[in-house]
Amino acid sequence: MITAIILTFNEKLHIERCISNVQQVADEIIIVDSFSTDGTQELARALGAKVIERKFIHQADQLQWAIDNLEFKNEWIIRLDADEFLTPELVNELKNRIPLLPPDIMGVHMKRRVYFMNQWIRRGYYPMILLRIWRKGHAYVEQKWMDEHIRIKDGQTLTMKFDFVDQNLNGLSWWTSKHNSYSTREAIEILNRKYQLTASSISKEGLKRDKSFYLKLPLFLRPLLYFFFRYIFRFGILEGKAGLIWHVLQGFWYRFLVDAKIYQIERIARIENKSIPQVLDGEFGVRL
């Protein structure tokens, strides 16, 4: 069987669905909770999960702490967000394939299927292939403020045929508020990489991604080009009104907001003759 790790904060709306779903493949479920106040912890315990509390800094820090400090009874570990779940086809695939994997396979990628406004966003975004399953002791988390990835230390990986689903049940106001917070974290991460503000644990794949064509483009132009790439050239336009909202908000607005915060931080640093960490501390209360 598999051990599941789920990071939570006020996930009462999703936690029962997530735990009940992953119990089909996992006989140990560990919740690392950031002091929820909505009953998430109580509901998780009632469903048989082990709950541990820890102050949240960012996703990568929280997950790496769990990997380094918790005892897992199983050889294989799966990480899910509370608003994610496995499709029935993937459940069967994991049951059949995980026990038979050769010893040189240390990590397993899965394809993420995003639902937005109850619609699967098929064009322009799918699939996002992520490493979410690994052998105990053979993986680490890139220490990034945003868009962290799990990487294996050695061995090989493979990709499952079927999908897992990301379907958040909160409304649009919640989504935009959360992505405003995400945009701050992503702006910090881009500045962190640009100015080498902290020591890096980014893999070669991560460094290659950080130096991608997108980040070499001018501020404010790149989110516009990215939106048109997804919406026109990858046929997001065929996803209807829900797809239009998704691609405008997630593919343009969110990334424009990241650029605006980068511009604001660098401008304040230049005008007030401050370091980037000083501005981050003053504007956002973030200490690197």
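The buried residues of helix H8 (buried meaning under 20% relative accessible area, exposed over 50% and partly exposed in between, with a 1.4 Å probe and protein chains only) are covered by elements that include helix H7 (213-216) and helix H9 (240-271); helices here are DSSP runs of H or I with at least four residues and strands are runs of E with at least two, numbered from the N terminus. The model is a predicted one, in which local features need pLDDT of at least 70 and side-chain atom pairs count only at pLDDT 80 or more, whereas totals for chains, interfaces and linings use all residues. Residues are numbered from 1 along each chain as its sequence is written, and side-chain values use heavy atoms, with hydrogens and water left out.

Helix H8 itself comprises 13 residues (221-233) and extends 17 Å from its first C-alpha to its last, close to the 18 Å expected at 1.5 Å a residue, the expectation being 1.5 Å times one less than the number of residues. Its buried residues are Arg222, Pro223, Phe227, Arg230 and Tyr231. They cover an arc of only 150° around the axis, which puts them on the same side of H8; the arc is that of the directions from the helix axis to the C-beta atoms. Leu225, also placed in helix H8, is partly exposed, with a relative accessible area of 40%. Between Leu225 and Gly243 the separation is 18 residues in sequence and 17 Å in space, C-alpha to C-alpha. After H8 comes Phe235, which has a positive phi, near 65°.

A comparable description applies to helix H1, in which Ile15, Cys18, Ile19, Asn21 and Val22 are the buried residues. They cover an arc of only 165° around the axis, and this places them on the same side of H1. The buried residues of H1 pack against E1, E2, helix H2 (40-46), E4 and strand E5 (84-86).

In soluble globular proteins, nonpolar side chains tend to be buried together. In the present model the largest nonpolar core (a set of buried Ala, Val, Leu, Ile, Met, Phe, Trp, Tyr and Cys residues joined through side-chain atoms within 4.5 Å) has 32 residues, of which Val22, Ile29, Ile31, Ile78, Leu86 and Ile98 touch the most other members. At least two residues of this core are supplied by each of several elements, among them strand E1 (2-8), helix H1 (15-22), strand E2 (26-33), strand E4 (76-81) and helix H4 (88-97), and H1 gives the most, with four residues. Leaving aside neighbours within four places in sequence, Ile31 is in contact (heavy atoms within 4.5 Å) with Ile6, Thr8, Ile15, Ile19, Ala44, Ala49, Lys50, Val51 and Ile52. A second, separate core of 19 residues includes Ile52, Leu70, Trp134 and Ile150.

Salt bridges, defined by a side-chain nitrogen of Lys or Arg within 4 Å of a carboxyl oxygen of Asp or Glu, number 15 in the model. One of them joins the side chains of Asp27 and Lys73 (3.6 Å, N to O). Asp27 lies in strand E2 and Lys73 in the loop between helix H3 (59-69) and E4, so the pair ties together parts that are 46 residues apart in sequence. Asp27 is partly exposed at 39% relative accessibility, while Lys73 is exposed at 54%. The side chains of Glu239 and Arg123 form another salt bridge (2.8 Å, N to O); because Glu239 lies in the loop between H8 and H9 and Arg123 in the loop between strand E7 (119-120) and E8, the pair ties together parts that are 116 residues apart in sequence. Glu239 is buried, with a relative accessible area of 6%, and Arg123 is partly exposed, with 34%. A salt bridge also links Arg255 and Glu186 (3.9 Å, N to O), residues located in helix H9 and helix H5 (residues 172-195), respectively, so that parts 69 residues apart in sequence are tied together; both Arg255 and Glu186 are buried. Arg79, Asp81 and Glu148, in turn, are linked in a network of salt bridges.

Overall, the secondary structure of the protein comes to 10 helices and 11 strands. Buried residues make up 52% of the 288 residues, and the C-alpha trace spans about 55 × 45 × 40 Å along its principal axes. Of the contacts with a separation of 6 or more, 73% are accounted for by residues 24 or more positions apart.
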